[in-house]
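Reader: Please show me the model, and then let us go through its aromatic contacts with the criteria in hand.

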Amino acid sequence: MPAPAIRVLVVEDSEPFRKFICSTLGKRPDLRIVGMVSDGLEAVQKAEELQPDLILLDMGLPTLNGFEVARRIRTLSPKSEILFVSQELSAAVVHAALAEGAKGYVAKTDARSELLTAVDAVLRGRQYLSRALSAHNSPDATDSETLDRLLRNEASPSLASEKAEATRSHEVAFFPDDAAFVCSFTGFIEARLQAGNAVIVVATESHRNRLIQSLREHAVDIAAAIEQGRYISLDVVETLSTFMVNDLPDSARCLQVARDLVIEATKAAQGEPPRVAVCGEIAPSLWAQGKADAAIQVEHLWDQIAKDCNVDILCGYVLNRFQREQETGIYERILAEHSGVSS
């Protein structure tokens, strides 16, 4: 008689990443998803109701953060094993999560390659930490600040938030239509310009024009930002032509083009230290053309730029139903090239 399936509750407020988790778990017949929630308080209620064997838990959640959810679940569903899957990577947060009784912690950037391995380890009673956390041996001052923020139940800052992050990020956002794309990018750009950052936009002509209009409607003095060199708007087709060779990106050319842009934009940035943010649809345009491998290579190269040049990057994908439902493997590879998923 076959062993009963492991009952799993998925707690994740990002719909794209929640779908990715469910798709990954779905590859294993011994794992059965019994619930999916996006809110901390609802997670506690579902855990008490379902008494799952395993809970995959995000850290930054509405209503209650991951710490508080884990703390309450330990009492209400004591037999449930908890595996955190989060983009919060500070040592203090990881140590505190384990102190709350979690058996493992997987960085979202490592989830594509490590999630099922982590699940197996936790279900066998072993602790699991993903590769991205290997250097986190002890908390520092920045870690403690992150932990304090989370313990106060404050949400993690995202690229769409009103304040620019102090650290590098390379996030991805998925939109159902052009209106949602423009709305999100407007918020991203407005927040960065208000903080004194320089912003580079690489998009289609239609999106660039609509962004200018939207920013003006938000009372952003975009004309001044352009004159100061703090708003650089580039056509995605022309930009691709500078480094694409035989339908694939030339790594050296791509990195040089990107670095030159960032260096030039940094000269105009007014913050201290001066920072640059990049938002666009270079890789998304390639995927839309059916060049998925090229899109993933471009994402990988821009991730290197984010690290080397300390810039914030937001990649925006407007996905049609076919891409969402039929190209799951590509979708997962795209997710793996980013530090997180932006709301």
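Reader: Are Phe174 and Tyr317 buried or exposed?

Author: Both Phe174 and Tyr317 are buried, a word reserved for under 20% relative accessible area, with exposed meaning over 50% and partly exposed in between (1.4 Å probe, protein chains only). This is a predicted model, in which local features need pLDDT of at least 70 and side-chain atom pairs count only at pLDDT 80 or more, while totals for chains, interfaces and linings use all residues. Residues are numbered from 1 along each chain as its sequence is written, and side-chain values use heavy atoms, with hydrogens and water left out.

Reader: Why is the pair of Phe174 and Tyr317 called tilted?

Author: Rings of Phe, Tyr and Trp (its six-membered ring) pair if their centres lie within 6.5 Å, and planes under 30 degrees apart count as stacked, over 60 as edge-to-face and the rest as tilted. The centres of Phe174 and Tyr317 are 5.6 Å apart and their planes stand at 35 degrees, so the pair is tilted.

Reader: What makes the pair of Trp287 and Tyr317 edge-to-face?

Author: Trp287 and Tyr317 have 70 degrees between their planes, at 5.7 Å centre to centre, and form an edge-to-face pair. Both Trp287 and Tyr317 are buried, and Phe174, Trp287 and Tyr317 form one aromatic cluster.

Reader: How do you know that Lys108 lies over the face of Phe17?

Author: A charge sits over a ring if NZ of Lys or CZ of Arg is within 6 Å of the ring centre and within 35 degrees of the ring normal. Lys108 lies over the face of Phe17 at 4.8 Å from the ring centre, and Arg192 lies over the face of Phe188 at 4.5 Å from the ring centre.
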